[in-house]
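Me: I'm new to this one and would like a quick tour. Could you show it first, then take my questions?

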Amino acid sequence: HRPDEAASLLETLVARAPDDIVAWAYLGLAWRLTGDPRHEWLSGQPGLVQARALDLDPAALTDTADLLRSIHTARSHPVGQSLRGGTQTRGRLFWRQEPQIQVLGQAIEAAVAAHWASLPPRDATHPLLKHRGESLSIAGSWSVRLTDSGYHVAHIHPQGLLSSACYIVVPQEADGPDKAGWLEVGAAPTELGLALDPLETIQPVPGRLALFPSYMFHGTRPFAQGERMTVAFDAVLSR
């Protein structure tokens, strides 16, 4: 609760370690609390957060959902992860050879490429935009299945450049006025005790892919009943 002091310390840190995603995440919160216009530069530029429809037909989504259910074999959420009230698959999902996973991966790669090409121009001082023009690859893919009252706490992905949520199955109440099950991007983690609302909210729709910078905190609203199944991944620089 001393955002000016926090901002000063974090500015020094990102100057020394400009690729430190965690530092940028907290600096974004500090700048927002102090009304620093650099917050808009970091997280508010048009196009940094987008939702894109995948080139997949409903039958392909249904087949993918059936396959994913068959590999969600855990009984509870894993320790140390963001989900509450659900399960997460093990290993890299896109390394699997089932046709449904391969088709989904190809559709996601096309959407990520389109998103990357649509971002604001290269900016050598911006933690994401300084990489415009470089090639990306997908890393760390997994699936999350949430059930009644499930949600994600606000978190970041320190190893990524772009992070994601691809919706395969969504609860019926996601169409309601309470935005149950929606993705929230930009809100501060609850444990910090900061009154910062999300900068963006994205409705989960089957076949929709949400993309956003990995330094932006994101979580979801709980839903009362039903199933919410997603595929997620990080996009990183190709090596």
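Reply: Sure, starting with a term: angles under 35 degrees count as roughly parallel, over 145 as roughly antiparallel, 65 to 115 as roughly perpendicular, and the rest as oblique. This is a predicted model, where local features need pLDDT of at least 70 and side-chain atom pairs pLDDT 80 or more, while totals for chains, interfaces and linings use all residues. Residues are numbered from 1 along each chain as its sequence is written, and side-chain values use heavy atoms, leaving out hydrogens and water.

Me: Which word describes how H4 and H5 are set to each other?
Reply: Helix H4 covers residues 58-71 and helix H5 covers residues 99-118. Their axes (lines fitted to C-alpha atoms over the stretch in contact, with angles from 0 to 180 degrees between N-to-C directions) come within 9 Å and cross at roughly 120°. H4 and H5 are therefore oblique.

Me: Which residues in H5 do Asp-63, Thr-64, Leu-67 and Leu-68 in H4 meet?
Reply: Contact here means heavy atoms within 4.5 Å. On the H4 side are Asp-63, Thr-64, Leu-67 and Leu-68. Their partners in H5 are Gln-100, Ile-101 and Leu-104.

Me: How far apart are the axes of H1 and H2?
Reply: Residues of H1, including Leu-10 and Val-14, meet residues of H2, including Trp-24 and Leu-27. H1 and H2 pack at an angle of about 145°. Their axes are 9 Å apart.

Me: Which helix gives the largest share of the largest nonpolar core?
Reply: A nonpolar core is a set of buried Ala, Val, Leu, Ile, Met, Phe, Trp, Tyr and Cys residues joined through side-chain atoms within 4.5 Å, buried being under 20% relative accessible area, exposed over 50% and partly exposed in between (1.4 Å probe, protein chains only). The largest has 35 residues, and Trp-24 and Tyr-215 are among those with the most contacts inside it. Helix H1 (3-16), helix H2 (21-34) and strand S9 (228-237) are among the elements that each supply at least two residues of this core. The largest share, 8 residues, comes from H2.

Me: Is Ala-195 buried or exposed?
Reply: Ala-195 lies in the loop between S5 and strand S6 (200-202). Ala-195 and Leu-33 are 162 residues apart in sequence and 9.1 Å apart in space, C-alpha to C-alpha. Its relative accessibility is 80%, so Ala-195 counts as exposed.

Note on methods. Helix = DSSP H or I, 4+ residues; strand = E, 2+ residues; numbered from the N terminus.
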